[in-house]
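Visitor: I have a new structure open on my screen and would like a friendly tour of it. Could you walk me through it?

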Amino acid sequence: MPPGYRFYPTEEELISFYLHHKLQHNNNININCVIPLLDVYRFEPWQLPRHCGELCHGDPEQWFFFVLRQEREVRGGRPSRTTVSGYWKATGSPSYVHSSDGRVIGVKKSMVFYKGRAPTGTKTKWKMNEYRAIFKDDVPTSIPKLRHEVSLCRVYVVSGSSRAFDRRPTAMETS
C-alpha cells in the first residue's frame with residue numbers, strides 16, 4: 001500500500017464484508033491474501049505478526065486472521081485456547097456488534113493472553129477480539145443465530161494509549 005495508508009477496518013466492515021465474504025466464498029484467494037486462514041492457537045501471540053495478510057505486513061499494532069471452528073467445538077465441547085507457553089482467557093461477556101443502521105450483525109468476544117498455566121498464569125499485553133457473524137435474516141424480530149464455521153480474530157498489543165478501532169470522523173472533523 002502507498003505510504004500513509006493502512007488496513008484499518010471497523011468492526012462492522014470486519015463482519016459485514018470480510019467475514020461474510022469468507023463464509024460465502026471459502027476458497028477465495030483474494031480474501032485469503034488480505035486476511036489469512038490460520039489456527040492462531042497453534043502459535044504464540046508474538047509469532048502471529050509474521051503470518052498476517054499482505055495488508056498488515058509491517059503493521060506494529062494489529063493483525064487479522066480467519067480461524068476455523070475446532071473439531072472439539074463441532075462435537076459440542078469448548079474450544080482449546082492454549083499454546084505451548086500460555087493460554088487465551090476470555091474477559092467479560094461477549095457483546096453484540098451493530099451495523100451503522102442499528103442491526104445486530106455479529107458477536108465479539110475479547111480475550112487476553114496469559115503466560116503459564118491456569119489459574120496461575122501471568123497476564124500479558126497481548127489481546128484478541130474474536131468476531132462471529134450472525135445468520136443474515138430478513139425477520140428483524142427473530143432471535144439472532146451465530147455462524148460458527150469460521151470466526152475472524154483481531155490480535156493486537158496493548159500500547160497504553162486509548163484505542164478506538166471503530167473511529168469514524170465526527171461531523172466537525174469532516175467539515
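**A walk through the fold**

Guide: Happy to! Along the sequence, the pattern of this protein reads α-α-β-α-β-β-β-β-α. Please keep in mind that the model is predicted.

Visitor: How many helices and strands does the protein have?

Guide: The pattern α-α-β-α-β-β-β-β-α lists them in sequence order. Counting them up, the protein has four helices and five strands.

Visitor: In what order do the strands of the sheet lie?

Guide: The sheet is open and its pairing is antiparallel. From one strand to the next, the twist averages 25°. Across its five strands the order is β1-β5-β4-β3-β2.

Visitor: Which strands stand at the edges?

Guide: An edge strand has a single partner, so one of its sides is left without a neighbour in the sheet. For one of them, β1, seven antiparallel bridges link it to β5 (residues 150-157). The strands at the edges are β1 (62-68) and β2 (86-98).

Visitor: Which residue in β5 stands opposite Phe66?

Guide: β1 and β5 pair in the antiparallel sense. Opposite Phe66, in β5, stands Leu152.

Visitor: What angle does the direction of helix α1 make with that of β4?

Guide: Helix α1 (residues 11-24) packs on the sheet and touches β1, β2, β3 (104-115), β4 (122-133) and β5. Its direction relative to that of β4 comes to about 60°.

Visitor: Which residues touch the most other members of the largest nonpolar core?

Guide: This core holds 34 residues, and α1, α2, β1, β2, β3, β4 and β5 each supply at least two of them. Setting aside residues up to four places away in sequence, Tyr18 has contacts that include Phe7, Ile31, Phe66 and Leu152. The two that touch the most other members are Tyr18 and Leu152.

Visitor: Is Pro45 buried or exposed?

Guide: Pro45 lies in the loop between α2 (29-34) and β1. Beyond its neighbours within four places in sequence, Pro45 contacts Trp88, Phe113 and Trp126. Its relative accessible area is 0%, and a residue under 20% counts as buried, so Pro45 is buried.

Visitor: How far apart in space are Pro45 and Val157?

Guide: In sequence, 112 residues separate Pro45 and Val157. From C-alpha to C-alpha, the distance is 9.2 Å.

Visitor: What share of the residues counts as buried?

Guide: The protein exposes about 10600 Å², with carbon and sulfur atoms supplying 53% of that area. Of its 175 residues, the share that counts as buried is 39%.

Conventions
Residues numbered from 1 in each chain as written. Predicted model: local features only at pLDDT ≥ 70, side-chain atom pairs only at ≥ 80, totals over all residues. Heavy atoms only, no water. Pairing = 2+ DSSP bridges. Helix = DSSP H or I, 4+ residues; strand = E, 2+ residues; numbered from the N terminus. Axes fitted to C-alpha atoms, helices over the stretch in contact; angles between N-to-C directions. Contact = heavy atoms within 4.5 Å. Buried < 20%, exposed > 50% of the residue type's maximum accessible area, 1.4 Å probe, protein only. Areas by Shrake-Rupley, 256 points an atom, 1.4 Å probe, with all protein chains shown as cover. Core = buried A, V, L, I, M, F, W, Y, C linked by side-chain atoms within 4.5 Å.
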